[in-house]
Amino acid sequence: DRLATYDFVEVGGRVELGWNVARRAQARLGYVNSRRRSNVSVGPALLPDVDARDAGLSVQVGFDSRDRESLATEGFAAQAEYYEIQDALGGDRDWRRAELGAHFALPLRRNVAWISAAAGSDLGSDVPIDRAFRLGGARTLPAYSYDELRTRAYWLASASFMWHLLDLVAVKDQSLYAGLGLQWAGLYDRALGEASRSLNGASVQLGGPTPIGSFTLGAGKSGSDWGYWLSIGRPIGRGTILDSGLLQ
């Protein structure tokens, strides 16, 4: 249920040093600094506003053996991230966050199976609500709106089977697939004070790499909740590590 509408602005940046490990792995160490401001434009005055600067260190490690950057037909990708945000490093708040994700693409003749898993935690640091993990949408829980569920700790697993329907431009490996997916998740220490819960859902989708870019059209269901989506290209935004470019 919609309680309020927020105006939201974030300005910031990061500097990173990276090391390419062989051809398929990379490690990065960075400094991040950003200011977030949000205020209630429509809704009760008692709802919280945010005006804070977060600054600190980030560590990222990734591995990628997929055959293409999105909607892969074979290969494996994994990524781990850690953020250490401290007022001593230029911010206004102290918190930590760690997250790990993996994605498998398994070819089955001309069809493909996708298996994804991810988990994240604030490591007991009581991460602020605006920095909590955000689940919902086609990449995580398709039955829910994009970023609908906010939590300080979670796990998520999904499996999809994609049937090859036809080749659109065979020389460019552009094809159309139809698929069925299943999702399971656990949400803990919810950011809005809600009780921890387990979720499961199912989804159907149509899409693939096409001449207009990566394209998916689908619907998801979890209990009494339904969600629908249309996606062209890579999604903008980042709720969990599964939304990162490496794991799409």
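**Cavity, pockets and a nonpolar patch**

The largest cavity is walled by Leu141, Pro142, Ala143, Tyr144, Gln183, Asn200, Gly201 and Ser222. Since this is a predicted model, everything here is computed from predicted atoms. The cavity holds about 30 Å³ of space, and the count of cavities of 30 Å³ or more comes to one. Its lining splits into four nonpolar and four polar residues, with no charged ones.

Next come the pockets. The largest pocket offers about 1300 Å³ of space. Its lining takes in 27 residues, and Tyr6, Asp147, Glu148, Arg150 and Leu192 sit nearest the centre. Strands β1 (5–21), β2 (25–42) and β8 each chip in at least two lining residues, with β1 giving the largest share, four residues. By class, the lining of this pocket has eleven nonpolar, four polar and twelve charged residues.

The second largest pocket has about 640 Å³ of space. Of its 35 lining residues, Ala138, Arg139, Gln205, Thr216 and Trp229 are closest to the centre. Two or more lining residues come from each of β6 (111–121), β8, β9 (174–190), β10, β11 and β12, and β12 gives the most, with five. Here the lining divides into 15 nonpolar, 17 polar and three charged residues.

Then there is the surface. A nonpolar patch of about 1000 Å² is built from Trp163, Leu165, Leu166, Leu168, Leu180, Val204, Leu206, Ile212, Leu217, Leu230 and Ile232. Strand β8 (149–169) is among the elements supplying at least two of these residues, and β8 gives the most, with four. Leu217, which lies in β11 (213–222), is partly exposed, because its relative accessible area is 42%.

Definitions and conventions:
Residues are numbered from 1 along each chain as its sequence is written. This is a predicted model: local features need pLDDT of at least 70, side-chain atom pairs count only at pLDDT 80 or more; totals for chains, interfaces and linings use all residues. Side-chain values use heavy atoms; hydrogens and water are left out. On a 1 Å grid over the protein atoms alone, a cavity is a set of points where a 1.4 Å probe fits but cannot get out, and a pocket is an open set with protein on both sides within 12 Å along at least five of seven lines; lining residues have an atom within 4 Å of a point. Grid points are joined across faces, edges and corners, and a volume is the space filled by probe spheres set on the points. Ala, Val, Leu, Ile, Met, Phe, Trp, Tyr, Cys and Pro count as nonpolar, Asp, Glu, Lys and Arg as charged, and the others, Gly among them, as polar. Patches are made of residues with over 30% relative accessible area and no salt bridge: like charges are joined within 9 Å, nonpolar side chains (Val, Leu, Ile, Met, Phe, Trp, Tyr) within 5 Å. Accessible areas come from the Shrake-Rupley method with a 1.4 Å probe; for residues, only the protein chains shown count as cover. A salt bridge is a side-chain nitrogen of Lys or Arg within 4 Å of a carboxyl oxygen of Asp or Glu. Buried means under 20% relative accessible area, exposed over 50%, partly exposed in between (1.4 Å probe, protein chains only).
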